[in-house]
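The following paragraphs lead through a protein model, from its overall make-up to its ligand site and some details of its backbone. Please keep the sequence and the structure in view while reading.

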Amino acid sequence: MRDGKLSSHRKVCLVRAHGRAPLPARDFNVETPRWGVSAVPTHLFLQISRQARLPNGQNVGLALDKCSAPTYAYAREKSGGHGVGEYVFVAGDSFEGRTAMGKKVRMTGGEIVTECLIRNRVPYAMGIPGHGCLALVDAFARRSSELRVIQVKQEMSAVHMADGYYRVTGRPLAVFTSIGPGAINTAIGVATCYVDSTAVLVITGATHTHMVGKGVLQEIERSHDADFPSMLAPVVKRYWRVTDPGQLPSIMQRSFNLMTTGRPGPVLIDLPMDVQADSAEVELDEPGTRVPLGKVKADQDAIKAAARLLAGASRAVILAGGGVRTARAYQELKEVAEHVGAAVVETMMGKGVFPADHPLFGMHAGSKGTTIGNKLTSTADVLLAVGCRFADETTSSYRRGVSFSIPPTKLVHIDIDSSEIGKNYPVEIGIVADAKSALSDLLTDLREVARPKDYGKTPYFAEIQTLRKQWWDTLKDFRESTRVPVTISRMIKEIREFLDRDAIVVSSSGNVQAQLLQEFPILVPGTNITSGGFSTMGFSLPASLGVKLAMPDRQVIALIGDGDFMMTMQELATAVQYDLPVVVVIANNAAWMSIQDLQMAAYGKDHAYACEFVKKNGEVYTPDFASVAKAFGSWGTRIQKAEEIKPALKSAFSAGKPAVIEVMVNREFPYSGGPAVGWWDVPIPTYMKEKRAQYEAARAEEDLT
Ligand SMILES: Cc1ncc(C[n+]2csc(CCOP(=O)(O)OP(=O)(O)O)c2C)c(N)n1
Ligand SMILES: [Mg+2]
């Protein structure tokens, strides 16, 4: 005790249990703990409680609190008759290294980061250790029962995995890396988070503060000393270069506030090796004492005006983006739509915020969208856009009248980020607010200004039903095709029929993603996870692992192209190692087929180049992914016929381990992909004279004011 060491080798972790009332105080003797709290039911722990004595000789009584695993205890100092501090004890650690709220304690940089992660209820840190984060990882090791390290096999995957976890839980995880290449590997993952507005805390190792500029191992110093944060600067909400461990409590607190509030996004803490290992006297605040509460509420006059506009509309459309998902405003969205009889059209990031079997579902607009979506959005009289940024894919590259006609359509744009309002289209009413709060306010005002519309009887409603049917009819050939190998359309039709309503579907760039958007109904809000605006290949597999980590009891399926799979396929090792039984369906066409399809659609059929995987002798090449999967220790099979899909899914979901279904899919254009709708500005080389002239004529119709 005198040297601050606890006598037992077992861990005793006493931390503040958020928001729970403590049980009556009992004494606890920290010198003779017999069980680790996290492993012991609280009532047992109460029985062994005696009295704790701190290094300064003070006695503390402990009040214990029942919580779910890991079980936390609640410690409260009784000095002076009232609780003044809370303590965290870990057997074998020095008290110096543990924290007392409301008191200064000496901790290393690594320990402060670890403590703050635990206090912010971060259960996992994913990453790869290296010499650049040794002291941080050592601090993790001392708290391993409270903060679990997940060993991904490439740092980009760590971010995707954390991202997947965040998207389904709304809770950020931490990613840690060494210095140099390990840190740079995170870039694509971080950019994906930034573009898609998801939160992750990235902590990268960096050159010792006293050696910057010397060119230590993995420092890049030729144009600027130890300047890694500048590489990520455009894709993080904020970064910090820490120079002293004493800065860390404040930085950690600000990083959590920043990444999870407003428009969420990733943040970076660049943590030099010496700062991880050096210590400082720090005082940690009680959790919750510096956390902003509430949502950004809309201007109520603007909401009133929007309600009046919507109530008077006869062709109202709600364009729902990722912001609806971030705010979990599903119910409010549905109620507003039903009150005014508005069609709901979703963006790529918004896919799945509205039940696809609802009669007001207007599907998707844009170049990869649907005919129904484009028709509805381009002919709307009032468009309520919520949590979206009018990206070029959604808007058919802003070509007038293809996906949108603003004006004459009157646009009400709600977004939490004021910079999105007016960026791409002029607004009738621009509202800065959280989507859930604004839609809820709008609903209140709508109820005041108009009775719920009997929308089922309107010609507009009938038109929505006709347009939707027409869209499905155009896909019939593809969806019901008996071709061998199977079309992607047929494959995803079979998959949808097999899956539970609330299965979580993860996808990233490629034909599968585009076709999921066009023809895969998401029935339960929030169950579609996709790399949206950054369209990142390699996202699906690691992101699906993060989803499964968060939702172990749900079906989690990653639908991936072969090219996409090969970018992060090593994470099958992570899936097997951590027993994360996701089902991975690889649509294998031995090509980056979506790009080849684009070459052919934009430039002509004879312009397919550099996309198919062929050997020197012209033979099509593909690895045997089913065998690869088995070699990783997962379940695997290769199929190519439509009727093999459901049985394969059944086996995969009952395999009790990660499973890979390699579906050989049709490579024959146009059966290789989905129909092109809308328009996309793909510049045509001037030497293709005729096509170039058509392209220039179309480009002239782009509304880029
Ligand atoms: C990291 C990354 N590199 C390149 C691209 C450009 N790109 C978009 S889709 C695609 C091909 C995807 O191939 P695959 O996963 O096999 O799906 P397919 O197109 O064959 O359906 C490429 C190269 C991208 N989106 N992301
Ligand atoms: Mg492919």
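A residue is counted as buried if 20 or more other C-beta atoms lie within 10 Å of its own, and as exposed if 12 or fewer do. By this criterion, 53% of the 705 residues of the protein chain are buried. The model under discussion is a predicted one. Its protein chain contains 25 helices and 24 strands. Among contacts between residues at least 6 apart in sequence, 75% join residues that are at least 24 apart.

A convenient place to begin is a sheet. Six strands form an open sheet in the order β7-β6-β8-β9-β11-β10, and their pairing is parallel. The edges are formed by β7 and β10 (238-241), each of which pairs on one side only. From one strand to the next, the twist averages 20°.

Within this sheet, strand β6 (residues 124-127) deserves a closer look. Both of its faces are covered: Tyr124 and Met126 are buried on one side, and Ala125 and Gly127 are buried on the other. Strand β7 (residues 148-151) runs parallel to β6 and is joined to it by four bridges. In this pairing, glycine 127 stands opposite glutamine 151 of β7. Between the two strands, the chain passes from β6 through helix α3 (residues 134-141) to β7, in a β-α-β crossover that is right-handed. Strand β6 also runs parallel to strand β8 (residues 174-177), with three bridges joining the two. Here the bridge partner of glycine 127 is phenylalanine 176. Glycine 127 thus has a partner in β7, glutamine 151, and a partner in β8, phenylalanine 176.

At the edge formed by β10, four bridges join this strand to β11 (residues 267-272), and the two run parallel. Arginine 241 has aspartate 270 in β11 as its bridge partner.

Attention may now turn to the ligand. Around ligand 1 there are 19 residues, of which Gly510, Asn511, Gly561, Gly563 and Ser594 come nearest. Three helices, α18 (511-519), α20 (562-568) and α22 (593-603), each supply at least two residues of this shell. By class, the shell is made up of seven nonpolar, 10 polar and two charged residues.

Several backbone details remain, beginning with two cis peptide bonds. The bond from proline 407 to proline 408 is cis, with omega near 15°, and proline 408 is located in the loop between α14 (392-395) and β17 (410-415). The bond from valine 484 to proline 485 is likewise cis, with omega near -5°. Proline 485 belongs to the loop between α16 (459-479) and α17 (488-498).

Two residues that are not glycines have a positive phi. For serine 197 the value is about 60°, and this residue lies in the loop between α6 (187-196) and β9 (201-206). Is serine 197 buried or exposed? Serine 197 counts as buried because it has 24 C-beta neighbours inside 10 Å. For phenylalanine 390, phi is about 50°, and its place is in the loop between β16 (382-386) and α14. Phenylalanine 390 has 23 other C-beta atoms within 10 Å and is therefore buried as well.

Methods
Residues are numbered from 1 along each chain as its sequence is written. Chains are lettered from A and ligands numbered from 1 in the order in which they are written. This is a predicted model: local features need pLDDT of at least 70, side-chain atom pairs count only at pLDDT 80 or more; totals for chains, interfaces and linings use all residues. Two residues are in contact if their C-beta atoms, placed from the backbone, lie within 7 Å. A residue is near a molecule or strand if its C-beta atom, placed from the backbone, lies within 6 Å of it. Ala, Val, Leu, Ile, Met, Phe, Trp, Tyr, Cys and Pro count as nonpolar, Asp, Glu, Lys and Arg as charged, and the others, Gly among them, as polar. Two strands pair if DSSP finds at least two bridges between them. A crossover is right-handed if, with the strands pointing away from the viewer, the path from the first strand over the helix to the second runs clockwise. Axes are lines fitted to C-alpha atoms, for helices over the stretch in contact, and angles run from 0 to 180 degrees between N-to-C directions.
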